[in-house]
Amino acid sequence: MREVLKLLLLFAFLQTPGFAAYANETPSGIPFAEMENRIDEVVARYLGRTTPGAAVVVVKDGEIIFSRGYGYADTERAVPVDPALTVFE
């Protein structure tokens with residue numbers, strides 16, 4: 001769970017004013033080209049174990065640069081998570 005929190009905090013920096021210095025990588029040094037794989041790896045550790053689904057959206061300069069749903073929003077009906085539509089409590 002700590003790694004998920006770290007990931008969320010890391011990507012929160014994408015919205016900070018000083019982020020312009022990070023044109024091709026996150027503040028922690030993850031190149032944007034590797035971001036998708038890194039997010040997939042972290043989510044895979046928890047998906048189906050501690051949570052049935054998750055949504056990750058990364059925003060830079062007001063634009064979505066990554067958006068993906070993982071797992072299920074409704075496990076009984078096998079409804080996949082849609083980051084644009086799924087509401088989490």
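Two strands are taken to pair if DSSP finds at least two bridges between them. By that criterion, this predicted model contains an open sheet of three strands in the order 1-2-3, with antiparallel pairing. The edge strands are strand 1 and strand 3 (79–80), each of which pairs on one side only.

## Overall architecture

The protein has two helices and three strands, and along the sequence these elements follow the pattern α-α-β-β-β. Of its 89 residues, 22% count as buried. The protein exposes about 6200 Å², and carbon and sulfur atoms supply 54% of that area. Among contacts between residues at least 6 apart in sequence, 39% join residues at least 24 apart.

## The sheet

Strands of a sheet pair through backbone hydrogen bonds, in either a parallel or an antiparallel manner. In this model, strand 1 (53–60) and strand 2 (residues 63–74) pair in the antiparallel sense over eight bridges. Two of the residues bridged to strand 2 may be named: Ala55 has Gly69 as its bridge partner, and Lys60 has Glu63. The hairpin of strand 1 and strand 2 has two residues between the strands.

On the other side of the sheet order, two bridges join strand 2 to strand 3, and these strands also run antiparallel. Tyr72 stands opposite Pro80 in strand 3. Strand 2 and strand 3 form a hairpin with four residues between them.

## Helix 2 and its buried face

Helix 2 (32–46) precedes the loop that leads to strand 1. The helix has 15 residues and reaches 22 Å from its first C-alpha to its last, close to the 21 Å expected at 1.5 Å a residue. Which residues of helix 2 are buried? They are Met35, Ile39, Val42, Val43 and Tyr46. Seen down the axis of helix 2, the buried residues fall within an arc of 95 degrees, and they therefore line one face of the helix. The general geometry of an α-helix is relevant here: with 3.6 residues a turn, residues three or four places apart point the same way.

With respect to the sheet, helix 2 lies across strand 1 and strand 2, and runs at about 20 degrees to strand 2.

## The loop after helix 2

Leu47 is found in the loop between helix 2 and strand 1. Is this residue buried, partly exposed or exposed? Leu47 has a relative accessible area of 29% and is partly exposed, because buried means under 20% and exposed means over 50%. Not counting residues up to four places away in sequence, Leu47 touches Pro52, Gly53, Ala54, Tyr70 and Gly71. The C-alpha atoms of Leu47 and Tyr72 are separated by 9.4 Å, although the two residues are 25 apart along the chain. Gly48, just after helix 2, takes a positive phi of about 85 degrees.

## Positive phi in the two hairpins

Each hairpin also includes a residue with a positive phi. In the hairpin of strand 1 and strand 2, that residue is Asp61; in the turn between strand 2 and strand 3, it is Ala78. Asp61 has this positive phi although it is not a glycine, and Ala78 is likewise a residue other than glycine. The table sets out their positions and values.

| Residue | Location | Phi | Relative accessible area |
|---|---|---|---|
| Asp61 | loop between strand 1 and strand 2 | about 55 degrees | 59% |
| Ala78 | loop between strand 2 and strand 3 | near 55 degrees | 44% |

How does the accessibility of these residues classify them, as buried, partly exposed or exposed? Asp61 counts as exposed at 59% relative accessibility, because the cut-off for exposed is over 50%. Ala78, with a relative accessible area of 44%, is partly exposed.

## The segment after strand 3

Leu85 has its place in the segment after strand 3. At 65% relative accessibility, Leu85 counts as exposed. The C-alpha atoms of Leu85 and Ala73, which are 12 residues apart along the chain, are separated by 9.9 Å.

Conventions:
Residues numbered from 1 in each chain as written. Predicted model: local features only at pLDDT ≥ 70, side-chain atom pairs only at ≥ 80, totals over all residues. Heavy atoms only, no water. Buried < 20%, exposed > 50% of the residue type's maximum accessible area, 1.4 Å probe, protein only. Contact = heavy atoms within 4.5 Å. Expected span 1.5 Å × (residues − 1). Arc of directions from axis to C-beta. Areas by Shrake-Rupley, 256 points an atom, 1.4 Å probe, with all protein chains shown as cover. Axes fitted to C-alpha atoms, helices over the stretch in contact; angles between N-to-C directions.
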